[in-house]
Amino acid sequence: MSSTACFVIVSRNDSPIYESEVGTAPKKDEAAHLHQFILHASLDIVQDVVWNTNNMFLKLVDKFNDLLVSVYVTAGHTRLMLLHDSRNEDGIKNFFQEVHELYIKMLLNPLYVPGSRITSPFFDTRVRALARKYL
Amino acid sequence: MEPAGTALAHLMRQRMCPLVMLMATPRAEQTSRKNELGIVELLRPFCVLDQIDVPVRTASELPYRLQDFELRMFYAADIAQPSSEVAEDYLVECVGNASDEAAAALKGDPKEIEVVKEMVESETQTSWFQKYCRDYMRTLAFSEHEAIDHPVLCLLIVSSKDEYPLSRFVDLYNPDSMPALMKDGATDPNVLKHFVLLHDIQDGPLEEANTIFMEMQNTFGVNNCGILSINSGSVDSDLPPDDVWTGIILQPIVASSVESKQVGDAKVSKKRPGLCLNKSDVAEISDFVVDLTLKQIIPHMEQKIRMLNQQVSATRRGLKNQLKNLWWRKGKEETSDVQAGGQYTFSSMESQIRVLADYAFMLRDYDLALQNYRLLSSDYKTDKAWKRYAGVQEMIGLCLFMMDLSRRESEISLESAHNVYQKCGGFTTKYATRTLIWLSEMHKARGHFREAASVLFRAAMLKVDGGQGMSLRAGVFLEQSAYCYLSVSPPMLRKFGFHMVLAGNRYTVCSQRKHALRVYRSVLSIFEGQGWKYISDHVHFHIGRLSHFLGNHDVAIFHFMKLVTCSHQSVANQSNFLREFLYIVENTVGKDQVLELELPIINTERVHVHFEDHRTYSSSSAAAEAESVWSALEEGLTPSVAVPLHTWLDAPKSLALAIDFNVCIAGEEIGVDVEFSNPLQIPIDVSSVSLTCEFDDGNSNKPEFLGKPCRADTTQGALDSSEDQSLNHIEDNPGLSSGAMDVDSAPTVHLPEEVFQLQAGERTVVRLKAKPLREGIMKVIGVRWLLAGIAAGHRDFTISGPQITKSKTGARSIPSPIQRLKFHVLKHTPRLEVSMHELPTKVNTGELHRIVLELYNPSKMSVKRIKFKTSHPNVLLVGKAGDLDMESPSCLEVQAGQEGRHELKQVDIAELKNSHSVFSFPEVGDLQRKTPMHTVCVVKFLYLKLTCV
């Protein structure tokens with residue numbers, strides 16, 4: 001069964017710093033912008049939800065047709081957002097936690113400016129591996 | 001907010017008001033047509049009564065007062081539900097017509113989000129949406145499952161010019177002309193009738209009409225008759241009444257064929273309506289409608305409500321009746337399933353209750369209406385008459401809203417109405433959309449914009465078969481839902497943007513391009529510069545495309561230009577964008593318009609200037625020869641100039657001049673290294689790459705000297721083209737001497753063009769040349785090129801701040817960062833280019849070789865007193881001019897003769913002794929060099945004599 005999953009890290013100033021399609025569904029050109037649109041629009045909801053809970057994992061925040069958006073917010077207000085079409089809350093939670101760890105490691109890199117685009121291929125492969133593992 | 005004051009209540013009042021059926025003789029219609037108005041249109045503006053105060057008493061004993069009231073008037077023929085296709089076509093046309101209005105509502109640049117916000121708050125935007133809703137509901141009116149659209153009163157109008165007016169009245173009301181609803185038996189055919197005599201003052205005085213009127217009163221009863229006289233004004237009267245008609249005319253919902261459109265156009269060109277009326281006429285019409293309402297319609301409705309209420313309480317209220325009803329209904333359960341819709345005629349109890357409830361609703365006795373609707377809903381439910389059930393649920397929801405009772409309950413009623421309507425399928429699904437409109441308006445009225453937005457979104461996603469109309473409706477509702485997100489506080493801009501884009505998408509699908517463009521443009525600011533590249537690409541792409549379709553090419557090109565550098569897109573998309581961009585450019589502006597293109601990317605910071613002042617064209621090892629070797633040779637040749645010593649006091653003056661500009665020489669090329677790179681994954685062709693320059697020769701008659709007065713030398717494009725032309729001109733006339741060459745027609749700068757192809761992701765440095773041909777000030781401004789041979793691009797160099805440049809061979813240090821590309825072109829200085837031909841690679845001991853030394857002076861100045869010095873005087877000897885023409889072996893043969901050789905040797909020895917291997921060229925050569933640079937070609941003989949060391 002093919003699944004759609006689009007993972008994006010959004011910096012605190014609302015611009016995406018890392019994007020990857022981690023789903024197993026074949027990549028489509030039209031999908032790229034639709035996914036971005038949905039994720040971008042759900043930032044509005046995240047903005048509200050984030051202050052209503054103590055958890056970093058906000059669970060499902062938004063949906064568009066059959067595409068769901070789960071969000072995890074770090075202490076620095078960086079948002080890890082996942083667009084997916086299968087309900088698997090635990091897996092998503094684990095995925096977010098591990099990616100958060102990776103992201104913190106990324107921040108420890110003195111050459112990485114926080115809020116800039118993550119271009120490290122190492123990070124990318126690790127995220128993809130995590131996606132395979134949990135999603 | 002009071003429910004009565006909301007937009008929903010307004011919409012409802014317009015929709016849910018008593019219907020007046022109008023029937024008129026052709027003669028009466030003709031009378032009215034003198035004003036470019038049908039009778040219905042004539043009366044319609046006065047059907048909104050807002051300055052009345054009527055006591056109304058319905059079922060309860062307590063009267064209440066109505067401050068405003070409304071009527072709907074339709075011809076009997078129009079009282080029918082239009083077919084689905086016609087209705088959709090009509091709606092599409094409505095929206096299409098509203099596109100300009102909607103665009104006009106956006107004051108200022110829609111790119112600013114503030115403008116959009118302001119627009120939403122001022123509700124101009126919602127006005128066309130309300131109009132759409134109204135029209136949408138009109139297309140759904142006259143359904144058999146509601147009593148709202150049953151005529152309350154029938155207005156029969158006969159002209160006073162008609163023969164036998166009394167019998168005409170009787171003829172008018174015949175069953176054949178009745179609307180379909182009445183023929184089917186869904187509506188009571190015995191409606192209240194009102195007989196009106198229409199009199200045209202232009203046909204004669206009122207007296208004779210009055211006699212007919214008296215007759216009418218005798219026949220039909222005093223109260224049931226009315227007289228109306230119009231057209232007392234004339235077309236050219238000075239005081240036509242205020243035009244209340246133009247804005248109100250309802251376009252009839254008909255199939256919009258080409259014919260009807262032409263008629264529509266013709267109508268527009270005509271005079272404004274109502275010209276034959278004067279103010280007293282208008283007042284009379286107004287009074288007539290008020291009278292009709294107060295004395296006929298409202299009392300009639302009151303009476304009917306009371307009557308029906310009595311009947312209902314007698315048969316249906318109370319425990320006994322309920323039980324009886326229940327038992328009776330169970331009995332006929334089997335049959336009702338099959339023919340759910342058609343079984344209720346006007347005389348059935350259910351229809352009577354519905355009429356009662358609807359009348360109560362129209363008279364705003366919501367309490368009574370609600371009671372009866374509830375009674376009815378349980379009946380319909382047990383009967384499984386789903387459409388009617390949904391209709392009743394819908395009304396329950398509205399009643400609850402108007403009574404400002406349970407919010408939750410009203411929402412549930414509407415939701416269930418929506419669900420049931422949807423379940424019915426087919427055309428009925430449209431009523432589901434209507435229900436959602438009510439619901440969203442209800443949320444809006446209560447300030448729940450987020451809920452309203454989601455309801456509208458659902459309305460948009462509702463699958464109703466309607467072809468183009470469906471996606472159009474989706475677009476309209478999506479746009480409105482976007483506005484709802486904007487009204488939430490704090491505004492949810494991203495949701496707004498997303499829904500606007502969805503709306504734009506739908507508009508594009510149903511080719512409402514103006515709407516689509518407006519929608520896309522208003523969200524541009526939300527998405528731009530945020531790093532969400534796919535989103536902004538999508539928006540730019542659609543704006544570009546729509547603008548192109550609408551003929552706004554500049555905007556289209558502007559947006560496509562932002563697209564062509566999309567390195568993150570897939571290869572297919574990249575080539576797609578590029579192709580579309582080139583297509584637009586090719587078909588619109590072509591090569592004439594120079595664009596600020598960003599493909600290929602040019603590193604405008606890294607621009608290096610190279611001067612043509614190197615010592616040798618040959619290998620770099622030769623160029624790197626130590627300076628001492630040269631200085632030893634130059635010794636004695638160049639006069640030792642006493643360098644004037646500057647103190648720091650007089651230094652600034654000269655320094656200021658020196659720093660201002662670089663210096664270059666007319667007629668000498670300077671090279672500028674420019675870095676091009678291709679961000680795309682597809683190869684691109686770049687041609688006609690050249691520098692653009694500004695040239696100022698300090699003369700007052702600048703425009704003249706380019707030969708194109710309108711284009712001053714500051715326009716780069718013009719400069720180039722005229723340059724090329726002038727160049728050709730010179731090439732065509734090689735024999736032109738400097739004296740004949742007109743100063744004014746001379747080109748100023750020669751800019752050669754380069755062509756190259758950039759592979760995917762390639763980065764390359766290209767040396768572009770500029771050759772000033774006259775003295776003055778030349779400023780290199782930027783670079784221009786032709787992308788794929790179609791789109792002309794231009795880019796200025798932006799050089800700011802000091803830069804450290806590695807001094808490559810010939811690269812000069814930079815005087816000042818800003819002025820680096822500004823050159824002070826000095827007049828031609830003598831320049832001597834020397835090349836040796838026939839230089840052998842291998843010689844034998846004692847062998848003599850002829851070598852041709854070519855001296856070339858590319859400048860206009862003549863070079864005088866040329867001297868030749870060699871470090872190896874016993875190897876290189878200068879020969880005679882006559883030897884030049886001879887072939888190599890034969891000249892050697894001559895030299896083989898004893899005499900010639902001897903002579904040479906003598907010269908050689910003499911030179912060696914006198915001037916240290918310096919040879920001064922004879923004056924003949926000098927003279928030749930005075931001729932223009934192109935033709936100067938001085939050739940000398942040398943004999944290379946290799947002595948074995």
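## Salt bridges, interface and sheets in a predicted two-chain model

Over all chains, the structure holds 19 salt bridges, a salt bridge being a side-chain nitrogen of Lys or Arg within 4 Å of a carboxyl oxygen of Asp or Glu. The model is predicted, so local features need pLDDT of at least 70 and side-chain atom pairs count only at pLDDT 80 or more, while totals for chains, interfaces and linings use all residues. Residues are numbered from 1 along each chain as its sequence is written, chains are lettered from A and ligands numbered from 1 in the order in which they are written, and side-chain values use heavy atoms, with hydrogens and water left out.

### The interface of chain B and chain A

With contact taken as heavy atoms within 4.5 Å, 22 residues of chain B touch 23 residues of chain A. The two chains bury about 2,200 Å² between them, and 62% of this lies on carbon and sulfur atoms. Buried area here is the accessible area (1.4 Å probe) that two parts lose on being put together, summed over both. Arg494(B), Phe498(B) and Trp532(B) supply 39% of the area that chain B buries against chain A, more than any other three residues.

There are 4 salt bridges between chain B and chain A. In one of them, the side chain of Arg494(B) meets that of Asp14(A) at 2.9 Å, N to O. The interface also has 11 residue pairs in polar contact, both residues being at pLDDT 80 or more. A polar contact is a pair of N or O atoms within 3.5 Å; within protein, one must be able to donate a hydrogen and the other to accept it, and residues adjacent in sequence count only if both atoms are side-chain atoms.

On the side of chain B that touches chain A, the elements giving two or more residues are helices H19 (449–461), H21 (493–509), H22 (513–527), H23 (533–549) and H25 (571–587) of chain B. Helices (H or I, at least four residues) and strands (E, at least two) are DSSP runs, numbered from the N terminus. H21(B) gives the largest share of that side, 6 residues. By class, the side comprises 13 nonpolar, 5 polar and 4 charged residues; Ala, Val, Leu, Ile, Met, Phe, Trp, Tyr, Cys and Pro count as nonpolar, Asp, Glu, Lys and Arg as charged, and the others, Gly among them, as polar.

### Salt bridges within the chains

The table gives three pairs that lie within one chain.

| Pair | Closest N to O distance |
|---|---|
| Arg128(A) and Asp124(A) | 3.2 Å |
| Glu409(B) and Arg374(B) | 2.5 Å |
| Arg518(B) and Glu479(B) | 2.9 Å |

Arg518(B) in H22(B) and Glu479(B) in helix H20 (residues 468–487) of chain B are 39 residues apart and link distant parts of the chain. Both Arg518(B) and Glu479(B) are buried, where buried means under 20% relative accessible area, exposed over 50% and partly exposed in between (1.4 Å probe, protein chains only).

Arg128(A) and Asp124(A) are 4 residues apart in helix H3 (residues 121–134) of chain A, and are therefore separated by about one helical turn. Arg128(A) is partly exposed at 31% relative accessibility, as is Asp124(A) at 22%. In the remaining pair, Glu409(B) is partly exposed at 34% and Arg374(B) is partly exposed at 37%.

### Strands of chain A

All 7 of the 7 residues of strand E4 (residues 67–73) of chain A are buried, so E4(A) is largely enclosed by the rest of the structure. Leu67(A), Val69(A), Val71(A) and Val73(A) cover one side, and Leu68(A), Ser70(A) and Tyr72(A) the other; all are buried.

Two strands pair if DSSP finds at least two bridges between them. E4(A) runs antiparallel to strand E3 (residues 57–64) of chain A, joined by 6 bridges, with Leu60(A) partnered by Ser70(A). The hairpin of E3(A) and E4(A) has 2 residues between the strands, and Asn65(A) in the turn has a positive phi of about 50°. E4(A) also pairs in the antiparallel sense with strand E5 (residues 79–84) of chain A over 6 bridges, and Val69(A) has Leu83(A) as its bridge partner. In this second hairpin, with 5 residues between the strands, His77(A) takes a positive phi near 65°.

### Chain B overall and one of its sheets

Chain B has 33 helices and 25 strands, and buried residues make up 48% of its 949 residues. An open, antiparallel sheet of 4 strands has the order E10-E12-E16-E14 in chain B. E10 (601–611) and E14 (749–750) of chain B stand at the edges with a single partner strand each, so one side of each lacks a neighbour in the sheet. E14(B) pairs with strand E16 (residues 763–772) of chain B over 2 bridges, and His750(B) stands opposite Lys771(B) in E16(B).
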